Amino acid sequence: MEASDPLITLSNVTRSYQTEGVEVNALKSVSLHINQGEFVAIMGQSGSGKSTLMNILGCLDKPTSGDYCIHGQPVAELSNDQLAALRLKTFGFVFQRYQLLSTLTAAQNVALPAIYSNTEKAEREHKACQLLAKLGLADRVHHRPGELSGGQQQRVSVARALINGAEVILADEPTGALDSASGEQLLDLVKALHKEGVTIILITHDPKVAEHAQRQVRLLDGEIVSDSAANRERQPDGKQSNGADTVQAFSSISVAAALAMAFSSLRLNWFRTFLTLLGIIIGVAAVVTMMAIGEGGKQDVLQRIEAIGTNLISIRPGGANMRNSGDIATLTREDAVALEAVTNVLYVAPERSSRATMRFGDNDFSGRITGTTPAYFHAKDWEMAQGVFFTDADVDTYAPVVVIGDTVAATLFEDKYQAVGQYILMKKAFYQVIGVLKSKGASAGGNDMDDEVLIPITTGRLKVFGRPYLSGITIKAASTEAVETIQQDVVRILTERHGKEDVMVRTTDSLVEAVTETQNTLTWLLASVAGISLFVGGIGVMNIMLVNVSERKREIGLRMATGAKPGDILKQFNIEAWVVCILGGCVGILFGYIVIFILSQLSVSVAYTLMPPVLAFITSLAVGVVFGYAPAHKAAGLNPIDALAED
Ligand code: ADP
Ligand code: MG
């Protein structure tokens, strides 16, 4: 059969390499014309430029100068994706060293280029099995390359070249690694394909192999020195014959296909995958745990604030522009009585305190002594552990009695349960202990709340404080909603009574606000420390992925040579990083919850909220996106020729 349609036209193509400043001209002005359906052998000694020529023909490489047209279309004008489409559909490569992926079965190797032409999985596998059967490998479909002979492996690579219906087979020394019998078999196969209409360009240094072709082209030092078809009439310029249909780039591989590839490559190296995951797992678990601890601490503190008493309004002397030092003689008991009239006020407790030392036997306690009324007991939600609180009658009669907190009782008495009824000495006077308050533990600020020493305010004024002014007034509101209006009324009434605004009014709400803010800061601090470990985990992912790319150069080169676009490679490696990070994120969240559970069993206060896991998950995904990009970008930027040359 006589070939007719112009397929490949090279005119004055050169290719020079620049190595360490020395220019090597691998091809010097090569002009070649190959028609559809031809079987051409390109011959030449080692180093004559055969592989360089094949790489240019197969669109893996570009000429330094000169024109290359396929179907009359100048290759120089095509985009990278269009070139990938040419490698995918038009060309099929057969390499001297087969270039099969050792981890894939024969069928999977054959089906590889079909992934990039977006062929359905089932169809890919069916086609691959059909092709293998046709090439006499029906019973080797599920074997891996290591389990196949050289001749069989080379037939697998021919099947791979054919799966997308290649028009041109480019074979670079396909028999170079085969024994003579397998070589003959392969050449028969190639001839059969030629009969079916496939254009064959076979590169060989062996004249006997070249004899199988219809046409022999001989290269020497980068120049064509003989062409058996040279005397044949030249075709008119190909550019005019068939310039209409442009090469269509293929759409990117599906996410499902990329995911499948990611999972299979992660599974192959599962131990390394696990180590990579570990970095993310620990990071995410740390974020989740730290935030739960921070949040738990906050709720703990808020509960303690509640223990101080809720719906409290605290009035202290000293206005916004007064110095708040020492005794400010503005608040009086009469003020406190006046405030009892405000609506929704449950209790008004006047307070006057100073520092004092108490003694019982040989034991001393130094602390704050507070003179007040029974309203104090109710306003602050105290309960009695032993004895009773002093009454209004005790206040009216200047009774020398004292009610003490748990800490005070424990300090002064050998046995705190023996405190009630005893007399303690304070400022040269004796007071009888009539009650011990039930312990409230430490307060929000870490202060001991059980160091109270309470005496009737009248007694205090007479024997301890002297002057009649108050250190403060505490009001208990009937409800949280009432707090704000009471606060306003208090300011109004006291301003009226004093003729100016000279008090500061605070509510527990404002304390809660302040504490919440501090605790939130703490939580974020913990979370950011944990975040750093997540970041380190991310660097681990990047590191492993970079190693991965270096190790898989040959695979990447092969994928590109068989038609993968740089975008496809980018997608594959990005998705691999995302899969690692998402998996790590999920396991990390689980792991974090296990730690939280264990901590809660050890009575560390922790809180389960939705935010930390969501945040940790998003962060780990972001880590994948950010740290997966550089390796993926490196993979996509590889030159397939260099990558294939790797051993
Ligand atoms: P063949 O396949 O006929 O043995 P090649 O096409 O591989 O020959 O090489 C032709 C010439 O180009 C040789 O001299 C080789 O050293 C040089 N060459 C090939 N590839 C490169 C490269 N990537 N960088 C520098 N020189 C190269
Ligand atoms: Mg070569």
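**Helices, salt bridges and a few odd phi angles**

Me: How accessible is Ser29, in relative terms?
Reply: This is a predicted model, so keep that in mind throughout. Ser29 sits in strand β2, residues 22–35. Buried would need under 20% and exposed over 50%. Ser29 counts as partly exposed, with a relative accessible area of 42%.

Me: What is the phi of Ser29?
Reply: Most residues other than glycine have a negative phi. Ser29 isn't a glycine, yet its phi is positive. The value is about 50 degrees.

Me: And which loop holds Asn118?
Reply: Asn118 is another non-glycine with a positive phi, here about 55 degrees. Asn118 is partly exposed, at a relative accessible area of 32%. Its place is the loop between α3 and α4.

Me: On to α4: how wide an arc do its buried residues cover around the axis?
Reply: The 14 residues of α4 should span 20 Å at 1.5 Å a residue, and its end C-alpha atoms are indeed 20 Å apart. Its buried residues are Arg124, Ala128, Leu131 and Leu132. They sit on the same side of α4, because the arc they cover is only 100 degrees.

Me: Which residue just after α4 takes a positive phi?
Reply: The buried residues of α4 are covered by elements including α3 and α5 (150–162). Just past the end of α4, a phi of about 80 degrees turns up, and the residue that takes it is Gly136.

Me: How far does α9 reach from its first C-alpha to its last?
Reply: Helix α9 runs over residues 255–268, which makes 14 residues. At 1.5 Å a residue you'd expect 20 Å, and the reach is close to that. So the reach is 20 Å.

Me: Within what arc do the buried residues of α9 fall?
Reply: The buried ones are Ala257, Ala258, Met261, Ala262, Ser265 and Leu266. Seen down the axis, they line one face of the helix, because they fall within an arc of 165 degrees.

Me: Which exposed residues are on the face of α9 turned away from its buried side?
Reply: The buried residues of α9 pack against α3 (106–116), α10 (270–308), α18 (553–561) and α19 (566–601). The face turned away from that buried side carries two exposed residues, Ala256 and Arg267.

Me: How far apart in sequence are the parts that Arg15 and Asp61 tie together?
Reply: Arg15 forms a salt bridge with Asp61, with the closest N and O atoms 2.8 Å apart. Both Arg15 and Asp61 are buried. Arg15 lies in strand β1 (6–19) and Asp61 in the loop between α1 (50–57) and β4 (65–70), so the parts they tie together are separated in sequence by 46 residues.

Me: About how many helical turns separate Glu295 and Lys298?
Reply: Glu295 forms a salt bridge with Lys298, at 3.7 Å between the closest N and O atoms. Glu295 is buried at a relative accessible area of 17%, and Lys298 is buried too, at 13%. They're three residues apart in helix α10, so the separation is about one helical turn.

Me: Is Arg497 buried, exposed or partly exposed?
Reply: Arg497 forms a salt bridge with Asp335, the closest N and O atoms being 2.6 Å apart. That pair links distant parts of the chain: Asp335 is in helix α11 (333–339) and Arg497 in helix α16 (483–498), 162 residues apart. Asp335 is buried, at 2% relative accessibility. At a relative accessible area of 41%, Arg497 is partly exposed.

Me: Which residues are linked in a network of salt bridges?
Reply: The structure holds 20 salt bridges. Some of the residues involved join up into a network. Its members are Arg552, Glu555, Arg559 and Glu576.

Me: What separates the C-alpha atoms of Ile280 and Ala616?
Reply: Ile280 is in helix α10 and is buried, with a relative accessible area of 0%. Leaving out neighbours within four places in sequence, its contacts include Leu534, Val541, Cys581 and Val623. Ile280 and Ala616 are 336 residues apart along the chain, but their C-alpha atoms are separated by 9.9 Å.

Me: About what area does the nonpolar surface patch with Phe597 and Tyr608 have?
Reply: Besides Phe597 and Tyr608, the patch is made by Leu590, Ile594, Ile598, Leu602 and Val604. Ile598 is in helix α19 and counts as partly exposed, at 45% relative accessibility. The patch comes to about 700 Å².

Conventions
Residues numbered from 1 in each chain as written. Chains lettered and ligands numbered in written order. Predicted model: local features only at pLDDT ≥ 70, side-chain atom pairs only at ≥ 80, totals over all residues. Heavy atoms only, no water. Helix = DSSP H or I, 4+ residues; strand = E, 2+ residues; numbered from the N terminus. Expected span 1.5 Å × (residues − 1). Buried < 20%, exposed > 50% of the residue type's maximum accessible area, 1.4 Å probe, protein only. Arc of directions from axis to C-beta. Contact = heavy atoms within 4.5 Å. Patch = residues over 30% accessible without salt bridge, like charges linked within 9 Å, V, L, I, M, F, W, Y side chains within 5 Å. Areas by Shrake-Rupley, 256 points an atom, 1.4 Å probe, with all protein chains shown as cover. Salt bridge = Lys/Arg side-chain N within 4 Å of Asp/Glu carboxyl O.
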